[in-house]
Amino acid sequence: MAREMSRKLSVEELGSLPMSQMHHAGLLGLELDSPPQAVLRAHVYRIFAFFLSFPPSAEDLAEAARLDGDGTTVGNAIAHTGRIAAALSASSVAAEYQLLFGGVGLLRPQLIPYSSNYLAAAGCGEAPLVALRRDRDRLGIARDPAITDPEDHVSSVLEIMAGLADGSIGEDADPNQERAFFEIHVASWVPRFFRDMTAARSSVFYASLGAAGAVFLAEERRRFTIG
C-alpha cells in the first residue's frame, strides 16, 4: 500500500483514512488552533498505532521529532518522545524495533504486542482474539486480506480506538460503545504492554513512546471513569 500522500487533508478526511495512508497527511501536525477533543484523542491514538505498526523511515522519524506538547502531563510525555526522535537515526530505531518485536537471529523478540499474549495466560475468560473478532464484526470492521497478522496486534486495537473516538467507526461518538471497547480491549492489557516497552532492554525511542502511551491511557481511563 502507498504510504505517501501528496496533499494535506482535512481533519474529516484524516480521521477516516487507514493508517497506511496517513503518512504525510498531517499525522503529526494537525493544522488547527483548537481541534475538537475527539479529533485530538483520535490523533494521539493514531500516532501510537502508526509507530507500532512498522519501523519508521527517516521521514517518519523527522515527523516524530516535530511532536510537541501543551504543558499537560500527556503533552509533556509526547513532547519528550519528539525530543528523543530528534536525537536518533532511522537505522538505530529500526534496529530497536527489530530487537523488541521481531527478534534477531536466535534471539527471541523482547515483546509480543498481542492481547492474546497478555490475557490468555492470565485466565481472562473468553479468548481475547475471539472476543476482539466478535466486536470487530459488531462494529462492521472487515479484515484486510493483505494483512496476515492476527487482529489483536496493539496497533490494530489502537486504530479501532481512534475510529471510535472520532466517530469514523461505529455509531457517531457513542461514549458507551467507546468505553466498552476501551475497557475490554485496551485497558485490560495495553497499559501493561506500554510499561513493558518502557522497561525493555534495547528500548530508547520505544521506551519514550511507551511512557507517553502509559500516561495517555491513564488519562483516558480517568476520562471514561468521570464521564
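How are helix 4 and helix 11 oriented to each other, roughly parallel or roughly antiparallel? Before turning to the viewer, keep in mind that this is a predicted model.

**Stop 1: helix 4 and helix 11**

Select residues 73-86, which form helix 4, together with helix 11; the two pack at an angle of about 165°, and their axes lie 9 Å apart. Helix 4 and helix 11 are therefore roughly antiparallel to each other, since an angle over 145 degrees counts as roughly antiparallel. Their crossing is left-handed. To see the contact itself, show the side chains of Thr73, Val74, Ala77, Ile78, His80, Thr81, Ile84 and Ala85 on helix 4, and on helix 11 those of Phe205, Ser208, Leu209, Ala212, Val215, Phe216 and Glu219.

**Stop 2: helix 10 and helix 11**

Keep helix 11 selected and add helix 10, which packs with helix 11 at an angle of about 150°, with the two axes 7 Å apart. Helix 10 and helix 11 are therefore also to be read as roughly antiparallel to each other, and the crossing of this pair is left-handed. Helix 10 brings Val190, Pro191, Phe194, Met197 and Thr198 to the contact, while helix 11 brings Tyr206, Ala207, Leu209, Gly210, Ala211, Gly213, Ala214 and Leu217.

**Stop 3: helix 8 and its surroundings**

Now select residues 154-166, the 13 residues of helix 8, which reach 19 Å from the first C-alpha to the last, close to the 18 Å expected at 1.5 Å a residue. Is helix 8 largely enclosed by the rest of the structure, or largely open? Of its 13 residues, 10 are buried, so helix 8 is largely enclosed by the rest of the structure. The buried residues to colour are Val154, Ser155, Val157, Leu158, Ile160, Met161, Ala162, Gly163, Leu164 and Ala165. To see what these buried residues pack against, display helix 2 (37-53), helix 7 (128-139), helix 9 (175-186), helix 10 (190-199) and helix 11 (205-226). Just after helix 8 comes Gly167, which has a positive phi, near 85°.

**Stop 4: helix 8 against helix 9**

Hide the other neighbours and leave helix 8 with helix 9, a pair that packs at an angle of about 165° with axes 10 Å apart. That angle makes helix 8 roughly antiparallel to helix 9, and helix 8 passes helix 9 in a left-handed crossing. On the helix 8 side, select Val157, Ile160, Met161, Leu164 and Ala165, which meet Gln177, Glu178, Phe181, Phe182, His185 and Val186 in helix 9.

**Stop 5: Ala162**

Stay on helix 8 and centre the view on Ala162, which belongs to that helix and is buried, with a relative accessible area of 0%. Which residues is Ala162 in contact with, leaving aside its neighbours within four places in sequence? With those neighbours set aside, Ala162 is in contact with Ala42, Tyr45 and Arg46. A line drawn from the C-alpha of Ala162 to the C-alpha of Ala42 spans 4.1 Å, although these two residues are 120 residues apart in sequence.

**Stop 6: Asp60**

Finish by moving to helix 3, residues 58-64, where Asp60 is placed. Asp60 is buried, with a relative accessible area of 1%. Show its side chain along with the backbone of Ser57, and note that a polar atom of the Asp60 side chain lies 2.8 Å from the backbone nitrogen of Ser57.

Definitions and conventions. Residues numbered from 1 in each chain as written. Predicted model: local features only at pLDDT ≥ 70, side-chain atom pairs only at ≥ 80, totals over all residues. Heavy atoms only, no water. Helix = DSSP H or I, 4+ residues; strand = E, 2+ residues; numbered from the N terminus. Expected span 1.5 Å × (residues − 1). Buried < 20%, exposed > 50% of the residue type's maximum accessible area, 1.4 Å probe, protein only. Contact = heavy atoms within 4.5 Å. Polar contact = N/O pair within 3.5 Å; in protein donor to acceptor, adjacent residues only side chain to side chain. Axes fitted to C-alpha atoms, helices over the stretch in contact; angles between N-to-C directions. Parallel < 35°, antiparallel > 145°, perpendicular 65-115°, else oblique. Left-handed = near helix turned anticlockwise from the far one by under 90°.
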